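Visitor: Please take one part of this model and go through it closely. I would like the pairing, the packing and the contacts around that part, and then how it sits in the rest of the chain.

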Amino acid sequence: MRRHGSIRSFWHPLVTSHHKRQKAGREVYKASGSRHKAALPVSCPTSPPLFVYFFSLVAMSQLLLLSPKDPFHQPTPEERHKILSQIARNALSIRTIDDEIQKLMRQRRELENQTALCTSVLAPVRRLSFDVLASIFHQYVYSYEGDPWIVAHVARSWRISALALPTLWSGIHVQLDPAVLTAATATTAPTQTHRRVEGREYCSNDHRLDLALRRSSTAPIDVKIASPAILPQVVRAHVTKMLHMVLQHMHRWRSLEVEGSISRLPGLNMDPLSKLESLTLHTGDTSLLSLVNQTAHRLTSFTNTKLGLENFESAVWWSTLRSLDLTIPFDMSIPPQTATLLSLLARAESLEELSLDYHQMQPVPMSETVTLNKLKRLELYDIPHVLPFHCPNLVHFHVSVGKSRPVITTAPLRTPTTPIHLPHLTHLIFEHPNIAVLSSLVAPSLVELVISPQVRIIAPQYNDKAFSAIWSEEKKKKGEMMVPSVLRLEDIHVSANAIRDVLRDLEGLKVLEMKWLRTDHLDVLSTLSESTTAPGAATTSATKPSSSPTPPPPPPSSGRIPFVCPSLETLLLHDASTLRSGGDTKGMQMQMENVVRTRRGLGYPLKSARFGWPQGSEVEEIIL
């Protein structure tokens, strides 16, 4: 009875509502005056048919039978059987739906894979011709020092193209007797698993060397022969075989680099080096010198680090040489080299680049000065003379205390008494404690100037005096003062007033970089944020920004300009001190932001401003 009452309480309001709608329809019909009983509507047009209620009542009754409202109802065995049957049917339906979902997901993944494959087939890279691929591969291997094995493993067509280009495999590193390692090279020496070393195919056995030579076909090859400084008494058989194999292709050598000793190995001095263009000797072995000096007629680049220059006086390639890198070691067994160097440079008529590291170079009289008319780039390391040669067309000049770091001893560099005119010089890098030497250089076309003394014990008064000599009023009046557009100051102990005076003279300065300076950074930044009245105004007074809040700077129409460096576009400041407090660093950062804000308000905004300070072992930077 309880279940019956529950059902009745559910469907009775529905039936009652249905009868009310029918009665309302009859009253509307009677009011309209129509006497056609056939037109009498049975129910309201919006009322659902009665059979819909019937089936809804049946379904609801079954639901109520299975789920009574009484929460404490105990199902009968018949109801329990029905409930379990319904649960089983629902579980089966869920499994069926899950199987369909998995099937559809698999079909979706297959369609996605097919779409990706079709899209890759239509990719523009597949339409590249062999010539275009060859150009890309050459750019990757030679300009970016890439590994041709990487491009050979991308796709089958790329592998075929890479293996069909002999020039990609022209670099060969021949490692003779790699088992003999010294204590210094035991941790850095390449192993058998290395494929390439320094852009060359690493060949430590005859099998690898044979593959590399066959892969390069007939193209010119760049060979490096590396061996221990002292070979053992008994040389293994494959070492001799490898040297013999590479010597069979001497007519294809485009460049040769030798490290270690090869004097006791057989098979030397065979074919002429008719195609050799570059020679690098990091060895004291003279086995190949006779052959190189007499047959390398096309040599354009030469690097020597351990041999005396008297070994090359009979060479026939000095007139064709364009690049020369000489490091004359500090060795008492080597005779004085200054006279030999001058005589050889006099024969190098086509020389364009010269790098010289010679601590013991003697003074050169003016009457014996060599003229290098075609020299464009000169690098002098640990030379006791600013410019020992006459270079009228010099473009890039680099003076340094030495190639090796850290610097232990420095050759004294005297300040010339007469000006040195370099009309075409555009880039000057000076890395020597005697900064005053720069006062003797006259470079009206200078674009970039880098000053880095490399020594931290120089007193600031000394550097201040050198700065005042380089940018003096006398040189400014004569038109001999250097006015670069890029100035980089690194590792200098100098006062803020000296920097202020320099910046005042460099009106066309566009890039200013100050790294690891020992100076008053706040004063320097304050100078950069000062402004003055533009030329032609009534007054020309400078105003310094105070630490207190100030109103925004006047607009450009007010006629004010930055006090120093109005053309400045890039500013970089790296603080060197690791002992500054957080407050000091924050103050420098705020002053840097003030420089950016002030110049932006004056109409002279900076395109780039970076501030960095030591943070542990790294330098943390803020880009403003």
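**Strand E9 and its surroundings**

Guide: Thr327 stands opposite Asp357 in E9. The model is a predicted one, and this pair of residues is a convenient place to start. The two strands concerned are E8 and E9, which pair in the parallel sense over five bridges. E9 has a second partner: five bridges join E9 to strand E10, residues 377-381, and these two strands also run parallel. Within that pairing, Ser355 stands opposite Glu379 in E10. Four of the five residues of E9 are buried, so the strand is largely enclosed by the rest of the structure.

Part of the packing here involves helix H10, which spans residues 338-347. The buried residues of H10 are Thr338, Thr340, Leu341, Leu342, Leu344 and Leu345. These residues pack against strand E8 (323-327) and strand E9 (353-357). An α-helix has 3.6 residues a turn, so residues three or four places apart point the same way.

Further along the chain is Leu413, in the loop between strand E11 (396-400) and strand E12 (420-421). With a relative accessibility of 7%, Leu413 counts as buried, the cut-off being under 20%. Leaving aside neighbours within four places in sequence, Leu413 is in contact with Ile383, Pro384, His385, Val386, Val399, Phe430, His432, Asn434 and Val437. One of these, Asn434, is 21 residues from Leu413 in sequence, and the C-alpha atoms of the two are 6.8 Å apart.

Next come the salt bridges, of which a search of the whole structure finds 17. One of them joins the side chains of Lys224 and Glu259, at 3.4 Å from N to O. Lys224 lies in strand E4 (residues 221-226) and Glu259 in strand E5 (residues 253-259), so the pair ties together parts that are 35 residues apart in sequence. Lys224 is buried, at 3% relative accessibility, whereas Glu259 is partly exposed, at 28%. Both belong to a network of salt bridges that also takes in Arg200 and Glu257.

A further salt bridge is formed by the side chains of Asp505 and Lys476, at 3.7 Å from N to O. This pair links distant parts of the chain, with Asp505 in helix H13 (residues 496-505) and Lys476 in helix H12 (residues 473-478), 29 residues apart. Asp505 is buried, with a relative accessible area of 14%, and Lys476 is partly exposed, at 42%.

A local example is the salt bridge between the side chains of Glu78 and Lys82, at 3.6 Å from N to O. Being four residues apart in helix H3 (residues 77-121), these two are separated by about one helical turn. Glu78 counts as exposed, at 54% relative accessibility, while Lys82 is partly exposed, at 42%.

For the chain as a whole, the secondary structure comes to 15 helices and 22 strands. Of its 624 residues, 39% count as buried. Among contacts with a separation of 6 or more, 60% are between residues 24 or more positions apart.

Last, the confidence. The protein averages a pLDDT of 79, and 74% of the residues score at least 70. The mean is lowest in helix H2 (residues 50-66), at 47, and highest in strand E15 (residues 448-451), at 96. Over residues 1-8 the pLDDT is below 50, and this stretch has six contacts in the model beyond near neighbours in sequence.

Methods
Residues numbered from 1 in each chain as written. Predicted model: local features only at pLDDT ≥ 70, side-chain atom pairs only at ≥ 80, totals over all residues. Heavy atoms only, no water. Buried < 20%, exposed > 50% of the residue type's maximum accessible area, 1.4 Å probe, protein only. Contact = heavy atoms within 4.5 Å. pLDDT = per-residue confidence, 0-100. Pairing = 2+ DSSP bridges. Salt bridge = Lys/Arg side-chain N within 4 Å of Asp/Glu carboxyl O.
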